[in-house]
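Reader: I am new to this structure. Please take a close look at its paired charges, and then show me what surrounds them.

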Amino acid sequence: MGFSTRQIHAGVTPDPVTGSILTPIYQSTTYVQPSVDEYLSRGYSYSRSANPTVRALELKLADLEGGADCACFGTGMAAVQGVMLAFLNAGDHAVISDVAYGGTYRLTTKVLSRFGVEFTFADTSDPDAVRAAMRDNTRLLFSETPANPTMKTSDIAALSEIARAAGAVHAVDNTFLTPYFQRPLELGADISVHSTTKYMDGHNATVGGAAVSRTAEQHEQVAFIQNSTGSIMSPQVAWLTLQGCKTLSIRMDQQSANAMAIAEFLEAHPKVAQVCYPGLASFAQHELASRQASGFGAMLWFEVKGGLAAGKRLMDSVELWSLAENLGSVESLITHPVTMTHADVDEAERQRVGIIDGLVRLSVGLEDADDLIGALERALAEV
Ligand SMILES: Cc1ncc(COP(=O)(O)O)c(C=O)c1O
């Protein structure tokens, strides 16, 4: 069945007791067992370990990504942490994309590094750089593509080969494109990680995360951490995310069409110094982005002539675009990563990987493209 059919029907069946077409919010801590000998015969014991509403979302996401199973977490960061704890032990080494969400950088450099795991930040858009970074004790390659916020794109199939040859797990943060546009497991990766906070929810209503595994064994390892660390998603969040997923394809199509129109407008604007959107022919990795994904997504960045000062004036004054963190929702957002989402990345490292001070990030929403462009046009006239 096609993606749009599966995003609506996968993982859910009408409630057998009432016929409710929506999976109910199972707001229950515990589950009564028929007898001691039949413990867990209905699959549920305690909602830290598993919850029927969360399970429906896990089955849906596993289906959409083409994986064996999925574990849903309280946040995207909990999902990233879950994957890292599942596959890394003290004495191990991991290679991480040198451009990734600031929280992933903080988790590795400031938390997990305290437990005897070593991390190397490599340019995952360059397979040779990744090959050179791998060590005998490398157990995890964690790539984010396209990367937040620079949009640097990594070749998932090439990286999966490198990881496989080294006996390491390859996890891909697929938050920016979602399985509608990009399916890492089909390209050879082992795990597809998400902040479901973004496009899966799509309505700025929740924070959540997910990790879809290629094999049942890998899933068991991730689910063990989900239970042991108590980081499962809540049933209300799962319910809202289940509803969000039903319109994922149509939102992604329209939001990327809007993003393309905005990128073209900005590229032609005399006050704009540079625009970065994978759908533009000028994007350095346009060929790779076109080959590996079926759409370019709705994230882009640009720099105003006049750099940081001009960019700040624009972000503070533009109408319609809300100055806020988060991305992927129906509301268009404008963000200054250096101050907001990536403030915890060392300044030298930020400069080295291209998170420049004047970078203005746009998460393009579902409003009319003409209105979004009009607002940017008026703000640019003032800077
Ligand atoms: C690419 C990416 N991965 C992971 C995360 C973390 O997700 P959450 O904020 O849901 O913890 C984010 C958050 O912005 C992100 O952009």
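Author: The charge pairs come first, then the helices and a few single residues.

This is a predicted model, where local features need pLDDT of at least 70 and side-chain atom pairs count only at pLDDT 80 or more, while totals for chains, interfaces and linings use all residues. Residues are numbered from 1 along each chain as its sequence is written, and side-chain values use heavy atoms, with hydrogens and water left out.

Side chains of opposite charge can pair when their charged atoms come close. A salt bridge here is a side-chain nitrogen of Lys or Arg within 4 Å of a carboxyl oxygen of Asp or Glu. The structure holds 16 of them.

Start with Arg-106 and Asp-344. They form a salt bridge, with the closest N and O atoms 2.6 Å apart. Arg-106 sits in helix H4 (residues 102–111), and Asp-344 in the loop between strand S11 (333–335) and helix H13 (347–353), so the bridge ties together parts 238 residues apart in sequence. Helices (H or I, at least four residues) and strands (E, at least two) are DSSP runs, numbered from the N terminus. Both partners are partly exposed: Arg-106 has 36% relative accessibility, and Asp-344 has 32%. As for the cut-offs, buried means under 20% relative accessible area, exposed over 50%, and partly exposed in between (1.4 Å probe, protein chains only).

The next pair is Arg-214 and Asp-190. Their side chains meet in a salt bridge at 2.6 Å, N to O. This pair also links distant parts of the chain, 24 residues apart. Arg-214 lies in the loop between strand S7 (209–213) and helix H8 (216–228). Asp-190 lies in the loop between helix H7 (178–181) and strand S6 (191–195). Arg-214 is partly exposed at 37%, whereas Asp-190 is buried at 9%.

Now a pair inside one helix. Glu-349 and Arg-352 form a salt bridge at 3.1 Å, N to O. Both lie in H13, 3 residues apart, about one turn of the helix. Glu-349 is buried, with a relative accessible area of 16%. Arg-352 is exposed, at 51%. Salt bridges that share partners join these two with Asp-98, Asp-123 and Lys-152 into one network.

One charged residue has no such partner. Glu-303, in strand S9 (residues 299–304), is buried yet has no salt bridge. The nearest side chain of opposite charge, Lys-305, is 10 Å away. In that count, Lys and Arg are positive and Asp and Glu negative; His and the chain ends are not counted. Leaving out residues up to four places away in sequence, Glu-303 touches Val-272, Ala-273, Gln-274, Ile-356 and Gly-358. Contact means heavy atoms within 4.5 Å.

Back to H4, home of Arg-106. The buried residues of H4 are Gly-102, Gly-103, Thr-104, Tyr-105, Leu-107 and Thr-108. They pack against helix H3 (76–87), strand S2 (93–97), strand S3 (118–122), strand S4 (138–144) and H13.

H3 also crosses H8. Their axes come within 8 Å and cross at roughly 115 degrees. Axes are lines fitted to C-alpha atoms, for helices over the stretch in contact, and angles run from 0 to 180 degrees between N-to-C directions. H3 and H8 are therefore roughly perpendicular. Angles of 65 to 115 degrees earn that label; under 35 is roughly parallel, over 145 roughly antiparallel, and the rest oblique. The crossing of H3 and H8 is right-handed. A crossing is right-handed if the near helix is turned clockwise from the far one by less than a right angle, and left-handed if anticlockwise. Gly-82, Leu-85, Ala-86 and Phe-87 of H3 meet Gln-218, Gln-221, Val-222 and Ile-225 of H8.

A second crossing involves helix H10 (residues 248–267) and helix H14 (residues 369–382). Their axes come within 9 Å and cross at roughly 30 degrees. That makes H10 roughly parallel to H14. Among the contact residues are Phe-265 of H10 and Leu-376 of H14. This crossing is right-handed.

Two loop residues complete the tour. Val-330 lies in the loop between strand S10 (322–323) and S11. Its contacts beyond four places in sequence include His-203, Arg-251 and Gln-255. Val-330 and Gln-255 are 75 residues apart in sequence and 8.0 Å apart in space, C-alpha to C-alpha. Phe-296 lies in the loop between helix H11 (286–292) and S9. It is partly exposed, at 24%. Phe-296 touches Phe-181, Tyr-277 and His-286, among others.
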